[in-house]
Amino acid sequence: MRLLLSTLLFFILTFATSQTKFSHAAGIAGYIGTRDATSKDIAVTYSPRYNFLKVGENSNLSIGTHLGLGYVISDRAVSSLAYHIPILLEFNFGHASDRTKYANKSGGFIGVGYSIDNSQRTLKFNNGFLTSYTTIEDVISGPMANMGLRFKFFGKSAGIRISYLYGTGDFKGGYLTSIGFQYNIGVK
């Protein structure tokens, strides 16, 4: 986990000064677990990426993330926290494929990678005489795919994104689907 965050921080700090190489976005997303994953989260997202290979005039390959930090939606939770840390290789095209591609009317991306997602909530139970607290933690990690559209929205650059995580490892097959809306920072 520390290695993942250190690598991400390295990319952000190293490439933040290059206008066409570094791109980022911020917004909100909702996450819904299915099968064995029961979490429902809403999160603030931050999506930095390094555009490392120009594929055409309006397209490139990038490595990046769509970090999410949020709140688990539960009617009995007294406290909750969720985080989502994917690392993705993405193909970007058209509008906002880099920070200088505002003139294009629309664009998008498609990507694959690996993600670690954690939802933790503390529930309160009261049977009339005793109050007890139980902490439930859903940790899902595994391969992930995502895609999105980027477009002009009220004179600014914005986008929508959907993703699908197939949980492997200890959690044995929980799925996590997300949908989000983001503002593309610095696209002009």
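**Figure 1. Phenylalanine 154 in the loop between β7 and β8.** In this predicted model, phenylalanine 154 is placed in the loop that connects strand β7 (131-153) with strand β8. The phi angle of phenylalanine 154 is near 55°, a positive value in a residue other than glycine. Most residues other than glycine have a negative phi. Phenylalanine 154 counts as exposed because its relative accessibility is 76%, and exposed residues are those over 50%.

**Figure 2. The aromatic cluster that includes phenylalanine 154.** Ring pairs connect Phe151, Phe153, Phe154 and Phe181 into a cluster. The protein has six aromatic pairs. One of them joins phenylalanine 151 and phenylalanine 153 in an edge-to-face arrangement, with 6.3 Å from centre to centre and 75° between the planes. Phenylalanine 151 is partly exposed, at 22% relative accessibility. Phenylalanine 153 is likewise partly exposed, at 38% relative accessibility.

**Figure 3. A nonpolar patch on the surface.** Ile28, Leu149, Phe153, Phe154, Ile160 and Phe181 together make a nonpolar surface patch of about 630 Å². Among these residues, isoleucine 160 belongs to strand β8, which covers residues 156-166. Isoleucine 160 is partly exposed because its relative accessible area is 40%, a value in between the limits of 20% and 50%. Phenylalanine 154, another member of the patch, is exposed at 76%. For the protein as a whole, the accessible surface comes to about 10,100 Å², and carbon and sulfur atoms account for 66% of this area.

**Figure 4. The largest nonpolar core.** Eight residues form the largest nonpolar core of the protein: Ala29, Tyr31, Ala43, Leu88, Ile140, Met144, Leu165 and Leu176. Strands β1 (22-34) and β7 are the elements that give two or more residues to this core. Leucine 88, one of the core residues, has contacts beyond its neighbours within four places in sequence. These contacts of leucine 88 are with Ser62, Ile63, Gly64, His66, Val112, Gly113, Met144 and Asn146. Met144 thus appears both in the core and among the contacts of leucine 88. Over the whole protein of 188 residues, 43% are buried.

**Figure 5. Leucine 89 in strand β5.** Leucine 89 is located in strand β5. With a relative accessibility of 43%, leucine 89 is partly exposed. When neighbours within four places in sequence are left aside, leucine 89 is in contact with Phe52, Ser62, Ile110, Gly111 and Val112. The C-alpha atoms of leucine 89 and alanine 145 are 9.5 Å apart in space, while the two residues are 56 residues apart in sequence.

**Figure 6. Glycine 108 in strand β6.** Strand β6 contains glycine 108. Glycine 108 counts as buried because its relative accessibility is 0%, and buried residues are those under 20%. Not counting residues up to four places away in sequence, glycine 108 touches Phe91, Asn92, Phe93, His95, Gly148, Leu149 and Arg150. Glycine 108 and glycine 159 are 51 residues apart along the chain, and 8.0 Å separates their C-alpha atoms. Across the protein, among contacts between residues at least 6 apart in sequence, 61% join residues at least 24 apart.

**Figure 7. Alanine 96 in the loop between β5 and β6.** Alanine 96 is found in the loop between strands β5 (77-94) and β6 (106-126). Its phi is near 60°, which is a positive value in a residue other than glycine. Alanine 96 is buried, at 2% relative accessibility. Phenylalanine 154, which also has a positive phi, is by contrast exposed.

**Figure 8. The salt bridge between lysine 101 and aspartate 98.** Side chains of opposite charge can pair when their charged atoms come close. The protein has one salt bridge. Lysine 101 and aspartate 98 form a salt bridge in which the closest N and O atoms are 3.6 Å apart. Lysine 101 is buried, with a relative accessible area of 13%. Aspartate 98 is buried as well, with a relative accessible area of 10%.

**Figure 9. The overall arrangement that holds these views.** The secondary structure consists of one helix and nine strands. From the N terminus on, the order of elements is α-β-β-β-β-β-β-β-β-β.

Key. Residues numbered from 1 in each chain as written. Predicted model: local features only at pLDDT ≥ 70, side-chain atom pairs only at ≥ 80, totals over all residues. Heavy atoms only, no water. Patch = residues over 30% accessible without salt bridge, like charges linked within 9 Å, V, L, I, M, F, W, Y side chains within 5 Å. Areas by Shrake-Rupley, 256 points an atom, 1.4 Å probe, with all protein chains shown as cover. Salt bridge = Lys/Arg side-chain N within 4 Å of Asp/Glu carboxyl O. Helix = DSSP H or I, 4+ residues; strand = E, 2+ residues; numbered from the N terminus. Buried < 20%, exposed > 50% of the residue type's maximum accessible area, 1.4 Å probe, protein only. Core = buried A, V, L, I, M, F, W, Y, C linked by side-chain atoms within 4.5 Å. Contact = heavy atoms within 4.5 Å. Phe/Tyr/Trp six-rings, centres within 6.5 Å; stacked < 30°, edge-to-face > 60°.
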